[in-house]
Amino acid sequence: MPSPYKRILLKVSGEALAGDNSFGIEPPFLQAVAQQIADVAQMGTQVAIVVGGGNIFRGMAGAADGTDRVTADLMGMLGTMINALALSNAITRHGVKSKPFSAATMPSVADTFTARDAKLALEEGFVVVLGGGTGNPFFTTDTAATLRAIELDCDVVLKGTKVDGVYSEDPKTNPAATRYTTVGYDEVIAKNLKVMDTAAFALARDNAMPIIVYALDDAAGLAGVLEGRGLSTRVGD
Ligand code: UDP
């Protein structure tokens, strides 16, 4: 079954690349993520990716240790670039063209992100991997994912997590919590159902960008989730 989406924005968190570890990139997990992305690209879906950096450095943690927050967030954004280079290269090794972009200017490392150049690359069949978040401190890569999805005219944001959707409460602390099939932006924000940060949900709401939350280890894989197999929650109106 073909994907119903022409162009998607996939958010890959740092933890997806670290696997069972809390730090760094674990090659088997990097390869597994790259394989899932290559499968979707080979179905004919254009794929843009925003990578996180929590497996390398989080600005909040640096700030808690006394580093100035703006500097700490710059360090976090550089961490996302390391992941972007690794993921883009791994996708290429799975037989799909891929190009990394950076939100910050670092010409010897990657092309600087512009929506125009990233869209051209998508139309030419490249999977674009966007590092550096929004390029601004005090933001997260979840917000970057929503922002880039809107800028690049994507149909949907895919957010892979450790759970298979959005629950009425934290399923780890309350086993009776139920999973939503669909849920509105306002409900997610009002109930503070922390799957993405509030800024990301508010930006999605204001621009009518749907978000599909699914489990990274769903047996159907990302391709299956896009085809409507597998479990997920659709956040939208
Ligand atoms: N970051 C930032 N601005 C952005 C995106 C990210 O300053 O627009 C920094 C921030 O310090 C954050 C770090 O990069 O902690 C890593 O990103 P994030 O925590 O979103 O990664 P994830 O949790 O998805 O792995």
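## Contacts of Thr 134

Leaving aside residues up to four places away in sequence, Thr 134 touches Ala 103, Phe 139, Thr 143, Ala 144 and Leu 147. The model is a predicted one, and in it Thr 134 sits in the loop that runs between β5 (127–131) and α6 (141–151). With 21 other C-beta atoms within 10 Å, Thr 134 is buried, because the threshold for that class is 20 or more.

Phe 138 is placed in the loop between β5 and α6 as well. Its class is exposed, because Phe 138 has 12 C-beta neighbours inside 10 Å and the limit for exposed residues is 12 or fewer.

## Annotated binding site

Both Thr 134 and Phe 138 appear in the "binding site" that UniProt lists in an unreviewed entry. The listed positions are Gly 53, Asp 73, Thr 134, Gly 135, Asn 136, Pro 137, Phe 138, Phe 139, Thr 140 and Thr 141. These positions span 89 residues in sequence, yet no two of their C-alpha atoms are more than 14.2 Å apart, so they gather at one spot.

## Shell around the ligand

There are 22 residues around the ligand, and those that come nearest are Gly 52, Gly 54, Gly 59, Gly 76 and Gly 133. Two or more residues of the shell are given by each of the elements α1 (14–18), α3 (59–64), α4 (69–93) and α6. The largest share belongs to α4, which supplies five residues.

In terms of residue class, the shell around the ligand comprises 14 polar, five nonpolar and three charged residues.

## Annotated domain

According to an unreviewed UniProt entry, residues 6–213 are covered by the annotation "domain: Aspartate/glutamate/uridylate kinase". Within the model, the end C-alpha atoms of this span lie 18 Å apart. Helix accounts for 42% of residues 6–213, and strand for 17%.

## Surroundings of Val 183

Val 183 belongs to strand β7, which consists of residues 182–183. It is buried, because 22 other C-beta atoms lie within 10 Å and the class requires 20 or more.

The contacts of Val 183, not counting residues up to four places away in sequence, are Val 166, Val 188, Thr 233 and Val 235. Among these partners, Val 235 is 52 residues from Val 183 in sequence, while the C-alpha atoms of Val 183 and Val 235 are 5.0 Å apart in space.

Note on methods:
Residues are numbered from 1 along each chain as its sequence is written. This is a predicted model: local features need pLDDT of at least 70, side-chain atom pairs count only at pLDDT 80 or more; totals for chains, interfaces and linings use all residues. UniProt positions are given in the numbering used here, feature names are shortened, and annotations may be inferred rather than shown by experiment. Helices (H or I, at least four residues) and strands (E, at least two) are DSSP runs, numbered from the N terminus. Two residues are in contact if their C-beta atoms, placed from the backbone, lie within 7 Å. A residue is near a molecule or strand if its C-beta atom, placed from the backbone, lies within 6 Å of it. Ala, Val, Leu, Ile, Met, Phe, Trp, Tyr, Cys and Pro count as nonpolar, Asp, Glu, Lys and Arg as charged, and the others, Gly among them, as polar.
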